[in-house]
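Grab a pencil and work through the exercises below, each with a solution you can check step by step. Keep the structure open while you go.

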Amino acid sequence: MYVVCKEHVELAIDKFVDEFEDAPDIVDLDEQQFSDWERPIRCCMNCEEEAQFLVV
């Protein structure tokens, strides 16, 4: 699972496919909310941008 900014979506997809050998689902975090999960504020690719997408 990767929580990334718009700039790093493609990189997260590539990493997911390399690791799991399957296509990920991509969730726009502005459109979806989860009751038992709090959205991270920053991208998990070590940048300062806001996390916008969940690649899972």
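Before starting, one cut-off: a residue is buried under 20% relative accessible area, exposed over 50%, and partly exposed in between. Also keep in mind that this is a predicted model.

**Exercise 1. Sort the salt-bridge residues**

Task: Find the salt bridges, and decide how accessible each partner is.

Solution:
- Step 1. Start with the count: the structure has two salt bridges.
- Step 2. Take Asp30 and its partner Arg39, whose closest N and O atoms sit 3.2 Å apart.
- Step 3. Now look at Glu50, which pairs with Arg39 through their side chains at 3.4 Å, N to O. Both Glu50 and Arg39 belong to the loop between β2 and β3, so this pair ties together parts that are eleven residues apart in sequence.
- Step 4. Put the pairs together: Asp30, Arg39 and Glu50 make up a network of salt bridges.
- Step 5. Apply the cut-off. Glu50 has a relative accessible area of 43%, so call it partly exposed. Arg39, at 29%, is partly exposed. Asp30 comes out at 54%, so it goes down as exposed.

**Exercise 2. Take the core apart**

Task: Which residues form the largest nonpolar core, and which elements give two or more residues to it?

Solution:
- Step 1. List the members. There are eleven: Tyr2, Val4, Cys5, Val9, Ala12, Phe16, Cys43, Met45, Cys47, Phe53 and Val55.
- Step 2. Assign them to elements. Those giving two or more residues are β1 (2-4), α1 and β3 (53-55).
- Step 3. Pick out the main contributor: α1 supplies the largest share, three residues.
- Step 4. Check a helix member. Phe16 is part of helix α1, and its relative accessible area is 9%, so it is buried.
- Step 5. Check a loop member. Cys5 sits in the loop between β1 and α1. With a relative accessible area of 3%, Cys5 is buried.

**Exercise 3. Chain distance against space**

Task: How far apart are the C-alpha atoms of Cys5 and Leu54, of Phe16 and Glu50, and of Asp36 and Met1?

Solution:
- Step 1. Cys5 and Leu54 are 49 residues apart along the chain, and their C-alpha atoms are 9.0 Å from each other.
- Step 2. For Phe16 and Glu50, the separation along the chain is 34 residues, and the C-alpha atoms are 20 Å apart.
- Step 3. Asp36 and Met1 are 35 residues apart in sequence, with 16 Å from C-alpha to C-alpha.
- Step 4. Place Asp36 before you move on: it is in the loop between β2 and β3. At a relative accessible area of 79%, Asp36 is exposed.

**Exercise 4. Hunt for odd backbone angles**

Task: Which residues have a positive phi although they are not glycine?

Solution:
- Step 1. Recall the background: most residues other than glycine have a negative phi.
- Step 2. Pick up Glu21, which is not a glycine but has a positive phi of about 55°. Glu21 is in the loop between α1 and β2.
- Step 3. Pick up Asn46, again not a glycine, with a positive phi of about 60°. Asn46 is in the loop between β2 and β3.
- Step 4. Ask whether each is buried or exposed. Glu21 is exposed at 71% relative accessibility. Asn46 is exposed too, with a relative accessible area of 79%.

**Exercise 5. Map a charged patch**

Task: Which residues form the negative surface patch, and where does Glu21 sit?

Solution:
- Step 1. Name the members: Glu10, Asp14, Asp18, Glu19 and Glu21 form this negative patch on the surface.
- Step 2. Locate Glu21. It falls in the loop between α1 (9-20) and β2 (26-28).
- Step 3. Check its accessibility against the cut-off. Patch members need over 30% relative accessible area, and Glu21 has 71%, so it is exposed.
- Step 4. Link back to Exercise 4: Glu21, a patch member, is also a residue with a positive phi.

How values were computed:
Residues are numbered from 1 along each chain as its sequence is written. This is a predicted model: local features need pLDDT of at least 70, side-chain atom pairs count only at pLDDT 80 or more; totals for chains, interfaces and linings use all residues. Side-chain values use heavy atoms; hydrogens and water are left out. Patches are made of residues with over 30% relative accessible area and no salt bridge: like charges are joined within 9 Å, nonpolar side chains (Val, Leu, Ile, Met, Phe, Trp, Tyr) within 5 Å. Accessible areas come from the Shrake-Rupley method with a 1.4 Å probe; for residues, only the protein chains shown count as cover. A salt bridge is a side-chain nitrogen of Lys or Arg within 4 Å of a carboxyl oxygen of Asp or Glu. Lys and Arg count as positive and Asp and Glu as negative; His and the chain ends are not counted. The place of a charge is taken as NZ of Lys, CZ of Arg, CG of Asp or CD of Glu. Helices (H or I, at least four residues) and strands (E, at least two) are DSSP runs, numbered from the N terminus. Buried means under 20% relative accessible area, exposed over 50%, partly exposed in between (1.4 Å probe, protein chains only). A nonpolar core is a set of buried Ala, Val, Leu, Ile, Met, Phe, Trp, Tyr and Cys residues joined through side-chain atoms within 4.5 Å.
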